[in-house]
Amino acid sequence: MLPLHRHALVVIVVASALAPEGRADDVVIDVTGQKKGLYSIALPAAVEGDSAAEIAKIESFDLQISGVFKVLDPVGFLADLRREGMGIEPQKWKDVGAYGVVKFKATAGEVAFKFYELSKGDKPSFEKTYPRRGDLRKIVHHWCNDLYKFLVKEDGFFGSKIAFTAKARGSSAIYAMDFDGANAYSVSHNSSTNILPAWSPNGAYIAYTSFMRSNPDLYVGPSGGGRPKRVSYQRGMNTGASFSPDGSKLAITLSKDGNPEIYIINSSDGSVVRRITNDKAIDTSPVWSPDGGQLAFVSDRNGGPQIFVVSSGGGAPRQVSFNGSYNTTPTWSPAKGKHVIAYTTRDGGNYDIVTLDLDSKAMVRITQSEGQNEEPSFSPNGRAIAFARLGQGVFIANADGTGKAVKVWSGSATGVRWGPFVPTE
């Protein structure tokens, strides 16, 4: 890792599982309290119809990685799936520890899903049918988002995208992919060095630093690829951009006056709005808080690199990281009502990912003794964190520190940034 470069847990309250048969209670998945357990869900593949194995695989990955569900192993299922069809025999599923069951059927024209709460008997609690057009993965992601919203009462992140810098043959390019690693494509289309991607709030654009004209200038281009616009090309560094929540501004590191400092510029033309820091130390890697009121950044003004927070209107920064002597690449959680950042830390032998609650000062380790991990980025709902593991690829882990990280892309990656969730109509 290059020094100073950019960059209450889930509880499952199963009310209906404890209620008498026929009671109208719904399953409640409370995401505000202390974590007690996960919602056990059975996702059997259809025994007939098209693309059954692919649908089951995508659905299982989405719900398992959400941090809310425990997806049960199909090997232990007791039900006769062929006899059940799209229905269920509740006791067979209760006997394997399920709270809920999803059934689906795919035809040439549509994909139908049914969700059953076992305490409610054999009638589906939630069902949706989607026209069979376009990418099948998008249909399944759409279903998982709808089911997640039904149970958790917040948006999921299935179908969102992750941008990152892919390094190969002495150069680097900006790539984007589906959050699960599918459909990776190049955003930058030049042979120069391209680094440090950042998504616009609506997901339509990606800002990144490129050396295509020798100087590290900031470009903004369509997130699907296409010709970028050079937005900031001050003398020296134009790096580590972060869009404001309304997309009108960018926080950025500029060294035009001889020392790397944090500035805010207009995202349309790169004109300077205000200078945020003014210190002889190196200040870099600014990121905007979800409400737009604060910036987190990295500075070595008190010795080794540490995380600081400052008002986006300027003022005196305050140091917030104190573990170890090397902390970099902060990112804010978008979870409502939370003031949490994740960052890269070296407080032992390895680089690891931690989160810090700025209110309670509680720190949670996301990785520990599993390679060199850096540059975290929260999912759009704050329930998961993507990050790069040196020489291995892009990984996703639960933001509460539980479970094992899952690799979604293999290769040499840096500058991981998770894009916004854009609901599918």
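## Aromatic pairs, a helix crossing and selected residues

At 1% relative accessibility, Tyr343 counts as buried, and this residue belongs to strand 24, which covers residues 340–345. The structure described here is a predicted model. Tyr343 and Ser60 stand 283 residues apart along the chain, and their C-alpha atoms are separated by 29 Å.

### Aromatic rings

A search of the whole structure finds 22 aromatic pairs. One of them joins Phe157 and Trp418, whose ring centres are 5.2 Å apart and whose planes stand at 75°, so the pair is edge-to-face, a class that takes in angles over 60 degrees. Phe157 is located in the loop between helix 4 (136–152) and strand 8 (161–168), while Trp418 is part of strand 31 (residues 413–418), so the pair ties together parts that are 261 residues apart in sequence. Phe157 and Trp418 are both buried.

A further pair is made by Phe158 and Phe179, where the ring centres are 6.2 Å apart and the planes are at 50°, so this pair is tilted. This pair, too, links distant parts of the chain, since Phe158 is in the loop between helix 4 and strand 8 and Phe179 is in the loop between strand 9 (171–178) and strand 10 (185–186), with the two positions 21 residues apart in sequence. Phe158 and Phe179 are both buried.

Beyond these pairs, one aromatic cluster is formed by Phe104, Phe113, Phe115, Phe126, Tyr130, Trp143 and Phe150. Charged side chains also meet aromatic rings: Arg301 lies over the face of Phe308, at 5.5 Å from the ring centre, and the charged end of Arg346 is placed over the ring of Tyr326, 4.6 Å from its centre.

### Where helix 1 meets helix 4

The axes of helix 1 (residues 52–65) and helix 4 come within 9 Å of each other and cross at roughly 40°, which means that helix 1 is oblique to helix 4. The crossing of these two helices is right-handed. On the helix 1 side the meeting residues are Glu54, Ile55, Ile58, Glu59, Asp62 and Leu63, and they face Leu136, Arg137, Val140, His141, Trp143, Cys144 and Leu147 in helix 4. Trp143 therefore has a place in this list of meeting residues as well as in the aromatic cluster described above.

### Backbone and exposure at selected positions

Two residues have a positive phi although neither is a glycine, namely Asn183 with about 60° and Lys361 with about 70°. The table sets out the location and exposure of these two residues.

| Residue | Phi | Location | Relative accessible area |
|---|---|---|---|
| Asn183 | about 60° | loop between strand 9 and strand 10 | 44%, partly exposed |
| Lys361 | about 70° | loop between strand 25 (352–357) and strand 26 (363–365) | 54%, exposed |

The loop that holds Asn183, between strand 9 and strand 10, is also the loop that holds Phe179; Asn183 is partly exposed, whereas Phe179 is buried.

Val273 is found in strand 18, residues 272–275, and is partly exposed, with a relative accessible area of 33%. Its C-alpha atom and that of Tyr263, 10 residues apart along the chain, are separated by 7.6 Å. Which residues is Val273 in contact with, leaving aside its neighbours within four places in sequence? The contacts of Val273 are with Lys249, Ile264, Ile265 and Asn266.

Key: Residues are numbered from 1 along each chain as its sequence is written. This is a predicted model: local features need pLDDT of at least 70, side-chain atom pairs count only at pLDDT 80 or more; totals for chains, interfaces and linings use all residues. Side-chain values use heavy atoms; hydrogens and water are left out. Rings of Phe, Tyr and Trp (its six-membered ring) pair if their centres lie within 6.5 Å; planes under 30 degrees apart count as stacked, over 60 as edge-to-face and the rest as tilted. Helices (H or I, at least four residues) and strands (E, at least two) are DSSP runs, numbered from the N terminus. Buried means under 20% relative accessible area, exposed over 50%, partly exposed in between (1.4 Å probe, protein chains only). A charge sits over a ring if NZ of Lys or CZ of Arg is within 6 Å of the ring centre and within 35 degrees of the ring normal. Axes are lines fitted to C-alpha atoms, for helices over the stretch in contact, and angles run from 0 to 180 degrees between N-to-C directions. Angles under 35 degrees count as roughly parallel, over 145 as roughly antiparallel, 65 to 115 as roughly perpendicular and the rest as oblique. A crossing is left-handed if the near helix is turned anticlockwise from the far one by less than a right angle, and right-handed if clockwise. Contact means heavy atoms within 4.5 Å.
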